[in-house]
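Please look through this protein model slowly, following the strands from one to the next. The paragraphs below will lead you through its sheets, two of its loops and its interior space.

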Amino acid sequence: ITAQLFGEIGNATAIVDNSNTLASITNSGTLIAQITQTDSDPNDSIPPPAITGTATAIDVSASSINVTLNQNATSPFTDDDAVDNDAAIVPAVTIIGDIRFGSGNDIFNLNAGTATGALSFGAGTDAFNIAGGAVYTGRLSDSDGQLTVNVGTGTANLTGGAANITSAKFGSGAVVTLQLAANPLNSATIVASGAVNFANNSRLTVLAPAGLPLSAPDQTILT
């Protein structure tokens with residue numbers, strides 16, 4: 001599924017539910033929402049206008065029911081010779097675009113592939129689970145801080161903003177990356193009301209932007 005807007009003003013949304021009835025979504029393919037800037041004269045030195053819209057892959061923010069989002073590996077298709085002849089042309093397992101949950105007890109199980117974009121949980125007791133070597137990249141937020149994060153064999157690249165959570169567990173082989181910014185308010189941080197546990201062989205990486213001056217203020221990345 002692809003939702004694409006050519007231009008700078010407007011939104012691109014791949015899946016939206018306003019009925020408050022969509023309780024389960026499973027992706028094993030490619031789900032993309034994107035906005036592409038247009039330029040009336042690509043040969044001049046004038047850049048196109050800035051993008052003002054949003055690219056949202058999944059929007060269930062109007063829901064008060066519990067919503068579960070699963071991203072799983074593609075199931076191989078075999079015929080009588082037990083060989084998946086379509087393996088080379090199967091689309092990548094990925095979500096590109098923002099994901100917005102509502103006020104239910106929502107769960108995102110990222111079991112395979114990648115997910116890139118802002119991930120916003122609303123009110124409710126929520127959970128974000130990464131396994132199977134999957135990779136998430138984006139800004140993670142929860143409106144009431146009632147979010148449990150579990151990263152098994154996977155990666156969470158947090159690109160900015162405060163992730164207010166209840167607790168987190170990072171298993172052996174898990175990687176969490178926090179991107180700093182010159183303004184501490186824009187840095188990726190984890191703010192937990194409970195315990196944050198790192199297993200042996202897990203890794204916490206902090207990325208500083210190029211050109212960050214030595215005079216930049218101290219920043220707290222995990223509390």
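In this predicted model, valine 16 has aspartate 59 of strand S5 as its bridge partner, and this pair is a good place to begin reading the sheet to which both strands belong. Strand S2, which covers residues 12–16, is joined to S5 by four bridges, and the two strands run parallel. S5 is also joined to strand S8 (residues 98–100), in this case by three bridges and again in the parallel sense, with isoleucine 58 standing opposite isoleucine 99 in S8. From S8 the path continues to strand S11 (residues 119–121), for two bridges join these parallel strands, and here arginine 100 has serine 120 in S11 as its bridge partner.

Put together, these pairings belong to an open sheet of five strands with parallel pairing, whose order is S2-S5-S8-S11-S14. S2 and strand S14 (140–142) stand at its edges with a single partner strand each, so one side of each has no neighbour in the sheet. From one strand to the next, the twist averages 15°.

Is strand S5 enclosed by the rest of the structure or left open? Residues are called buried when their relative accessible area is under 20%, and five of the five residues of S5 (residues 55–59) are buried, so the strand is largely enclosed by the rest of the structure. When you look at any such strand, it helps to remember that in a regular strand the side chains alternate between the two faces of the sheet.

A further open sheet has eight strands in the order S1-S4-S7-S10-S13-S16-S19-S22, with parallel pairing. Its edge strands are strand S1 (2–6) and strand S22 (203–207), each of which pairs on one side only. Neighbouring strands of this sheet are turned against each other by 10° on average, if direction is ignored. Within this order, strand S10 (residues 114–116) and strand S13 (residues 135–138) pair in the parallel sense over three bridges, and the bridge partner of threonine 116 in S13 is threonine 137.

The loops can be read in a similar way, beginning with glycine 10, which lies in the loop between S1 and S2. Its relative accessibility is 26%, and glycine 10 therefore counts as partly exposed. Beyond its neighbours within four places in sequence, glycine 10 is in contact with Leu5, Ile35, Gly53 and Thr54.

Proline 48 has its place in the loop between strand S4 (30–36) and S5, and because its relative accessibility is 25%, proline 48 counts as partly exposed. The C-alpha atoms of proline 48 and glutamine 37 are separated by 6.7 Å, although the two residues are 11 residues apart along the chain. If its neighbours within four places in sequence are left aside, proline 48 is in contact with Glu8, Gln37, Thr38 and Asp39.

Finally, we can turn to the space inside, where a search of the whole structure finds one cavity of 30 Å³ or more. About 70 Å³ of space lies in the largest cavity, and the residues that line it include Leu140, Val149, Phe170, Val176 and Ile190. Strand S16 (155–158), strand S17 (162–165) and strand S18 (167–170) each supply at least two residues of this lining. Which kinds of residue make up the lining of the largest cavity? The lining divides into 10 nonpolar residues, with no polar and no charged ones.

Conventions
Residues are numbered from 1 along each chain as its sequence is written. This is a predicted model: local features need pLDDT of at least 70, side-chain atom pairs count only at pLDDT 80 or more; totals for chains, interfaces and linings use all residues. Side-chain values use heavy atoms; hydrogens and water are left out. Buried means under 20% relative accessible area, exposed over 50%, partly exposed in between (1.4 Å probe, protein chains only). Two strands pair if DSSP finds at least two bridges between them. On a 1 Å grid over the protein atoms alone, a cavity is a set of points where a 1.4 Å probe fits but cannot get out, and a pocket is an open set with protein on both sides within 12 Å along at least five of seven lines; lining residues have an atom within 4 Å of a point. Grid points are joined across faces, edges and corners, and a volume is the space filled by probe spheres set on the points. Ala, Val, Leu, Ile, Met, Phe, Trp, Tyr, Cys and Pro count as nonpolar, Asp, Glu, Lys and Arg as charged, and the others, Gly among them, as polar. Axes are lines fitted to C-alpha atoms, for helices over the stretch in contact, and angles run from 0 to 180 degrees between N-to-C directions. Contact means heavy atoms within 4.5 Å.
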